[in-house]
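User: I am new to this structure. Please take a close look at one part of it, and then say how that part sits in the whole.

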Amino acid sequence: MERDEEFWTTSGEADAVTDEWRDMLSATHLPWTVSVPVDADPPGFTASARRWWIDDLALVDCECGPCSGTRTRRELARTDGEFVVVLITLAGQETVAQNDAEACLQPGDAVAWDSTRPARFAVWEPLAKRSLLIPRAALEEVSGRALMSGGVRLDGGRPATRLLTSYLDTLRTSLPELDQGAISAARNATLELFIGALRSGSGVPATSMAQPALRAQMDRYIERHLLDAVTAQDLAAAHGVSVRTVNRIFNATGQTVGEVIRVRRLARAREELTESDRPISAIAHRWGFSDTSHFSRSFKARYGASPSDYRTTAHLDRAGGAPVQRPVAAVHRAGAGRRETGITPAQG
């Protein structure tokens with residue numbers, strides 16, 4: 001099935017271009033305040049953006065001229081939800097700063113920034129970039145929550161970064177033709193590759209724990225036994241350590257063993273909802289929820305929709321019906337504010 005590509009572009013009207021660029025960037029990359037130089041060379045600022053969805057992840061390609069932007073407390077307050085944004089430079093040069101870290105990005109370099117903290121950027125020459133917007137909750141499915149606490153530069157010369165960027169390049173061209181099952185698999189692979197790039201990135205510790213290899217082994221054990229009643233005692237026995245050690249390793253990331261298992265089971269239940277017509281009660285029971293009402297409450301708290309509503313929109317999307325509004329609350333579908341922004345959005 002061909003999937004829609006969303007497209008935005010500035011109108012070319014000099015007196016409106018700054019507002020158009022602000023609204024375009026805020027619609028596709030969360031709220032920003034921007035500045036466009038009046039003496040730009042070549043004259044006439046232009047910008048465009050294209051967006052695709054990888055389930056609940058958004059992939060955005062953007063081109064723009066020299067400009068700058070900031071996310072202050074005002075923009076943070078206008079952001080609905082928490083996200084990690086991976087910014088990859090394709091051509092040109094851009095400086096991105098968050099906390100006390102500043103990175104000058106060349107083609108092939110990447111930076112991951114946190115939507116909950118102030119940030120700024122400056123584009124020095126015509127730029128082409130690719131952004132991957134990840135709801136922070138999705139990182140919990142791959143034990144990545146503790147790895148992001150501000151801007152992190154991903155060196156484009158490192159193999160793990162090259163693997164992530166080349167994968168997104170391939171995915172970008174094939175995404176429009178993937179079915180829902182392949183989209184879900186691509187989404188999970190994207191998360192894993194991003195975490196791999198974070199862990200091997202320059203200046204980024206492999207993990208905040210004292211035993212990264214042991215935690216990785218435990219994560220793999222959980223994944224293999226998600227259908228079983230896994231406990232901290234099971235992990236301790238399987239890896240030859242004490243229950244206290246298991247709890248200390250998981251608590252180092254602000255999680256408990258039970259929370260990690262619940263997040264991963266909800267993620268697998270979500271996949272099964274979109275890929276099958278099994279009764280919701282059966283899916284809930286399969287993934288460890290004996291109470292369907294508890295499953296529904298947990299699912300809605302995590303994904304913003306009840307299991308039945310989520311399944312309905314996913315099946316409509318698969319059948320080519322009404323587009324699904326992904327749970328990226330502050331990143332709106334094209335056309336949401338067409339009359340107000342002056343931006344020209346279109347379905348590709």
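Analyst: Helices (H or I, at least four residues) and strands (E, at least two) are DSSP runs, numbered from the N terminus. The model is predicted, so local features need pLDDT of at least 70 and side-chain atom pairs pLDDT 80 or more, while totals for chains, interfaces and linings use all residues. Residues are numbered from 1 along each chain as its sequence is written, and side-chain values use heavy atoms, without hydrogens or water.

The protein chain contains 13 helices and 13 strands. Of its 348 residues, 51% are buried (under 20% relative accessible area with a 1.4 Å probe, protein chains only; exposed is over 50%, and partly exposed is in between).

The part to look at is helix α1, which runs over residues 17-29. The 13 residues of α1 should span 18 Å at 1.5 Å a residue, and the end C-alpha atoms of α1 are 17 Å apart, which agrees. (The expected span is 1.5 Å times one less than the number of residues.) α1 is mostly covered, with ten of its 13 residues buried. Those buried residues are Val17, Glu20, Trp21, Asp23, Met24, Leu25, Ser26, Ala27, Thr28 and His29.

What follows α1? The next residue is leucine 30, with a positive phi near 80 degrees. This sign of phi occurs here in a residue other than glycine. Leucine 30 belongs to the loop that leads from α1 to β2 (33-35). Leucine 30 counts as buried because its relative accessible area is 0%.

Another loop residue can be set beside leucine 30. Aspartate 55 also is a residue other than glycine with a positive phi, here near 60 degrees. Its loop joins β3 (47-54) to β4 (57-64). With a relative accessible area of 3%, aspartate 55 is therefore buried.

α1 also takes part in the lining of an internal space. A cavity is a set of points on a 1 Å grid over the protein atoms alone where a 1.4 Å probe fits but cannot get out; lining residues have an atom within 4 Å of a point. By this rule there are two cavities of 30 Å³ or more. The largest cavity has a volume of about 80 Å³ (the space filled by probe spheres set on the points, which are joined across faces, edges and corners).

Which residues line the largest cavity? They are Leu25, His29, Trp32, Val85, Leu87, Glu94, Val96, Trp113, Phe121, Lys129 and Ser131. At least two of the lining residues come from each of α1, β6 (83-91), β7 (94-98) and β11 (127-135). Leu25 and His29, both in this lining, are also among the buried residues of α1. By type, the lining has seven nonpolar, two polar and two charged residues. (Ala, Val, Leu, Ile, Met, Phe, Trp, Tyr, Cys and Pro count as nonpolar, Asp, Glu, Lys and Arg as charged, and the others, Gly among them, as polar.)

Ahead of β6 there is a loop from α2 (73-77), and aspartate 80 is found in that loop. Aspartate 80 has a relative accessible area of 46%, so it is partly exposed. The C-alpha atoms of aspartate 80 and proline 31 are 9.6 Å apart, although the two residues are 49 residues apart in sequence.

Helix α9 (residues 257-275) can be checked in the way α1 was. α9 has 19 residues and reaches 27 Å from its first C-alpha to its last, close to the expected 27 Å. Because 15 of the 19 residues of α9 are buried, this helix is largely enclosed by the rest of the structure.

Definitions and conventions:
On a 1 Å grid over the protein atoms alone, a cavity is a set of points where a 1.4 Å probe fits but cannot get out, and a pocket is an open set with protein on both sides within 12 Å along at least five of seven lines; lining residues have an atom within 4 Å of a point.
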